[in-house]
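Reader: I would like to go through this model with you and ask where its labels come from. Could you show it to me?

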Amino acid sequence: MTHVARSVLALLLLVACAPAWGQKFGYIDTEYIMSKMPEYAQAQVELAKLTDTWQKEIEAQKKDLDKLYRTYQAEEVVLTEEMKKKRQDEILKKEQEVKAYETKQFGYEGQLFKKRVELNKPAQDKIFDAVEKVAKARKLDMIIDRAGDLTLIYVNPTHDYTEFVLEALGLGSPTRNQPGPKGPVKTVKPPKTPTTSTDPNFESDSGTPDPAIPAKTQSTRASKTSAGRKP
C-alpha cells in the first residue's frame, strides 16, 4: 500500500470513528521507540557494513573501467578503425556492467532496500506485540502511530503511550511517559556514478560525443531510504 493510500485509509478510519470518540485511544512514536531498541541499532550497523562492501566493489569496477579507457586513449593513434570500434565496445560494455551492478545493489527495491526490510522486521514485530499488550492492558480501542503518514496537528500528551510500549519492551523509564526530542535520521547513501572520460572524440554511456559511433542512451538509477530518528 502506498503512502497516499495509507493516509487516505487513516483519514477514512478517523471519519468513521468520529461518532465514537467516547472510545479510549492513544498514540505512539514508533521511530522514537525503534531508536531505543538494540536490535534496530545492530541492524543499522549491519546495513552500514554491507553498504561499505558494495561501495568498495563498485569503486573497484570503476577503476577497471577507467584503466580500460586510459589504455584506449594511449593507444588510439596506432589503432585501426576496426580496432578502435572493438575497444570502444569493450568500454561501453564495462560501463553498462558497472551501472547495472550499482542499480542492483542500491536501486529501487535493490539489495540494500531488501536487506533493510529484512533486518528491521524483528524490531518492528516486537513493537507490534508490545503495542498489542499495552492496548489490552490499558483497555485502548485505538492506537495511532504519530510517526506514520497521518499528521497529528495536536493531541493531548496524556494520550501518548510511547513510554508504555517501551516499558513493555523492557526499555522504558518508570518516571516519565513522554518521548524525548528527535533529531535527523541517518541513512546509508549509495555511491555516485563515475565520470569515465573527458575525451571529446569518444562516445560512451556518459554522453561524450564520438562521430565514429552512434550516441548511447544512459541508464538511470534510483535509490530509496529508510527512516529512523534518534532521541
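Author: Happily! Let us start with a definition: a residue is buried when its relative accessible area is under 20%, exposed when that area is over 50%, and partly exposed in between. Please keep in mind that this is a predicted model. In strand β2 (residues 142-145), Met 142 and Ile 144 make up the covered face, while Ile 143 and Asp 145 make up the uncovered one.

Reader: What does strand β1 look like in the same terms, and which way do Phe 25 and Tyr 27 point?

Author: Phe 25 and Tyr 27 point one way from β1, Gly 26 and Ile 28 point the other way, and all are buried. For Tyr 27, which is in strand β1, the relative accessible area is 5%. The cut-off for buried is under 20%, so Tyr 27 is called buried.

Reader: How do you know that β1 and β2 pair?

Author: Pairing needs at least two bridges between the strands. Four bridges join β1 (residues 25-28) to β2, so the two strands count as paired. They run parallel, and one of the partnerships is that of Phe 25 with Met 142. Tyr 27 also has a contact in space to mention: its C-alpha atom is 6.4 Å from that of Arg 146, although their positions lie 119 residues apart along the chain.

Reader: Where do these strands fall in the chain as a whole, and how many helices are there?

Author: The chain has six helices and two strands, in the order α-β-α-α-α-α-β-α. Of its 231 residues, 34% count as buried.

Reader: Why are α3 and α4 called roughly antiparallel?

Author: Two packed helices are described by the angle between their axes and the distance between the axes. Helix α3 (residues 38-75) and helix α4 (residues 81-106) pack at about 170 degrees, with 10 Å between their axes. An angle over 145 degrees counts as roughly antiparallel, so that label applies to α3 and α4. By class, their contact holds ten nonpolar, six polar and ten charged residues.

Reader: What makes Glu 59 partly exposed?

Author: Glu 59, found in helix α3, has a relative accessible area of 36%. Partly exposed lies between the 20% and 50% cut-offs, so Glu 59 belongs there. The C-alpha atoms of Glu 59 and Val 98 are 9.2 Å apart, with the two residues 39 apart in sequence.

Reader: Let us turn to the rings. Why is the pair of Tyr 108 and Phe 113 called tilted?

Author: A search of the whole structure finds four aromatic pairs. In the pair of Tyr 108 and Phe 113, the centres are 6.4 Å apart and the planes make an angle of 35 degrees. A pair needs centres within 6.5 Å, and planes under 30 degrees apart would be stacked while those over 60 would be edge-to-face, so this pair is tilted. Tyr 108 is exposed, at 52% relative accessible area. Tyr 161 and Phe 164 form another tilted pair, at 5.3 Å centre to centre and 40 degrees between the planes. Tyr 161 is buried, at 7%.

Reader: How do you know that Arg 138 lies over the face of Phe 164?

Author: The distance from Arg 138 to the ring centre of Phe 164 is 4.0 Å. A charge over a ring must be within 6 Å of the centre and within 35 degrees of the ring normal, and Arg 138 is placed over the face. Phe 164 is also 8.8 Å from Ala 130, C-alpha to C-alpha, with their positions 34 residues apart in sequence. Ala 130 is in helix α5 (residues 111-137) and counts as buried, at 5% relative accessibility.

Reader: What makes the phi of Glu 109 worth a remark?

Author: Most residues other than glycine have a negative phi. Glu 109, not a glycine, has a positive phi of about 60 degrees. Glu 109 is in the loop between α4 and α5 and is partly exposed, at 42%. Lys 139 also has a positive phi, near 55 degrees. Lys 139 is in the loop between α5 and β2, and its relative accessible area of 66% is over the 50% cut-off, so Lys 139 is exposed.

Conventions:
Residues numbered from 1 in each chain as written. Predicted model: local features only at pLDDT ≥ 70, side-chain atom pairs only at ≥ 80, totals over all residues. Heavy atoms only, no water. Axes fitted to C-alpha atoms, helices over the stretch in contact; angles between N-to-C directions. Parallel < 35°, antiparallel > 145°, perpendicular 65-115°, else oblique. Nonpolar A, V, L, I, M, F, W, Y, C, P; charged D, E, K, R; others polar. Phe/Tyr/Trp six-rings, centres within 6.5 Å; stacked < 30°, edge-to-face > 60°. Buried < 20%, exposed > 50% of the residue type's maximum accessible area, 1.4 Å probe, protein only.
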